[in-house]
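Hi,

Here is the structure I promised to pass on. Have a look at it first, and then read my notes below.

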Amino acid sequence: MSKIYIFGIGGTGSRVIKSLTMLLATGVEMKSNAIVPIIIDPDVAAADLTRTVDVMHTYNNIRGKLTFTNDTQCIFFKTEIQELLSGFRMNLENTQNLQFKDYIQLSTMDRANYALTKMLFSDDNLNADMEVGFKGNPNIGSVVLNRFTQSSQFHKFASDFQDGDKIFIISSIFGGTGASGFPVLLKNLRTLLTIKDKLPNASLIQDCVIGAITILPYFGIEPNAESAIDEATFISKTKAALAYYNQNMSTIDALYYLGDNLLNKYENNEGGEEQKNDAHLMELAAALAIIDFDKDFDERKDKTVYREFGVKQVSDNLILPDLCDTTYDIIAKPLTQFTLFYKFVNEQLSKSIQDKQPWTSRFESKKWFADRYIKSHLNRIIKEYTDWLTEMGNNKRGFMPYELGVNRSAVFNLVKGCETKRVLFNANSNYALFDDYLNKGEKKFKEGLPLEQRFMELFYTVTEKLINDKIRL
């Protein structure tokens, strides 16, 4: 079984993995059988990190009750998300409650090394605590992150790696953790055989296919005199990092670049529970880069392949027809199917049960199914998915493909820029038509299917048919 290990570095890494999880939930398919997310972030309390981990746990709770064989049609939640490391995190040791000068043991250095260190790092650098990350200081991050190959968790990753597996690295280029983590991680992966304490599968990892996306500034932050993070440095840091990458990143097989000049302003929070950025189109595009890499890169390249993301039509709020054909073909149908599914669960399911629609009898009679599967798991990921779409729609640059407000009289008009079709020989419309398709579809399934499988199969096949019959995608 082929796997792709996805190293998400810093807050941007977590948010991109969340977007990828949302795409996989809708049925966007990977070429690999499984993804193995590994988040590298010293800020263990970061809200962006905890949100992403919670979403992946919910995804796995739903997927754990489903099977995917040649006989199943549903591909919602098809791709496996493996939790190799607890909480999907690779811990950075000795970064909590510690200043950088203590981490490098400045006080024990001899005179020459002490003087050199004082030249390389400012007093602010040396006195910085690292509990919430490196606060836009890649020079600090590069020192700390250079040691993670010595950890037991990195050893676990190496032991799990198999022939044919691939690696993808997500990082931003204008902060601290991501900008420092990407080149350090790549260097270590490509030089494992030179490490004194040999790791399992070192030669496989060193010679495997590696891709990465480096994300240029795509948001701004409000001024805050008490914060160590300053938006004014974003561009200069980006230029410096790009110059370094140009000279030192030749061992990467595929490198994706992404950025935008329309920047929304976020609150200036250095980290912790307050660092909770709204979902952004750029993170969705970065997730699509992972899918593109997985599809197109199976062997090492003679030289690095560079790719960027573009759209057909530029506007402040993009919709599906604004996307390039390749992107549109990947996400238009899966996202629309899942959006129809979530709107029915949110807006109509309870009424269909109350009206005793025939298709509901099998599911409504099993209270454990409603309580454990729908209320505990499906409703949770539906809320996260709704928030994800809403946040992208409200951000700058916005992505607003659907009318998400409750409109029971026009549910099939939800796709912006796409017309609806009339279903011949059926007088029903909107949720009545949806129920009619569910009633017909439920009769086709054989007895003995677990309720979770039957429910997901039913909604996958019905939403697919409704799109074909009702919406001009």
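What follows is a short tour, from the whole chain down to one pair of helices and a loop residue.

First, a caution: this is a predicted model. The average pLDDT of the protein chain is 86, and 86% of the residues score at least 70. Confidence bottoms out in strand 6 (residues 219-221), where the mean is 61, and peaks in strand 3 (residues 80-81), at 98.

Now the overall build. You'll find 17 helices and eleven strands in the protein chain. It has 473 residues, and 56% of them count as buried. If you take the contacts with a separation of 6 or more, 79% of them are between residues 24 or more positions apart.

I spent most of my time on helix 12, which covers residues 325-347. Its 23 residues should span 33 Å at 1.5 Å a residue, and the end C-alpha atoms are 32 Å apart, so the two values agree. There is a bend along the way, though: about 35° at isoleucine 331, with proline 334 following within four residues. Helix 12 is also mostly covered, with 17 of its 23 residues buried.

One of its partners is helix 17 (residues 451-470). For helix 17, 20 residues at 1.5 Å each should give 28 Å, and its end C-alpha atoms are 27 Å apart, so that agrees as well. Helix 17 is mostly covered too, since 16 of its 20 residues are buried.

How do the two sit together? Two packed helices are described by the angle between their axes and the distance between the axes. For helix 12 and helix 17 the angle is about 115° and the axes are 9 Å apart. Their crossing is right-handed. On the helix 12 side, the residues that meet helix 17 are Lys333, Thr336, Gln337, Leu340, Phe341 and Phe344. Facing them from helix 17 are Phe455, Met456, Phe459, Tyr460, Thr463, Glu464 and Ile467.

Last stop: glutamine 348, in the loop between helix 12 and helix 13 (349-354). Is glutamine 348 buried or exposed? Its relative accessible area is 3%, and buried means under 20%, so glutamine 348 is buried. Leaving out residues up to four places away in sequence, glutamine 348 touches Lys343, Arg408, Tyr431 and Asp435.

Happy browsing!

Notes:
Residues are numbered from 1 along each chain as its sequence is written. This is a predicted model: local features need pLDDT of at least 70, side-chain atom pairs count only at pLDDT 80 or more; totals for chains, interfaces and linings use all residues. Side-chain values use heavy atoms; hydrogens and water are left out. Helices (H or I, at least four residues) and strands (E, at least two) are DSSP runs, numbered from the N terminus. The expected span of a helix is 1.5 Å times one less than its number of residues. The bend at a residue is the angle between axes fitted to the seven residues ending there and the seven starting there. Buried means under 20% relative accessible area, exposed over 50%, partly exposed in between (1.4 Å probe, protein chains only). pLDDT is the predictor's confidence in each residue, from 0 to 100. Axes are lines fitted to C-alpha atoms, for helices over the stretch in contact, and angles run from 0 to 180 degrees between N-to-C directions. A crossing is left-handed if the near helix is turned anticlockwise from the far one by less than a right angle, and right-handed if clockwise. Contact means heavy atoms within 4.5 Å.
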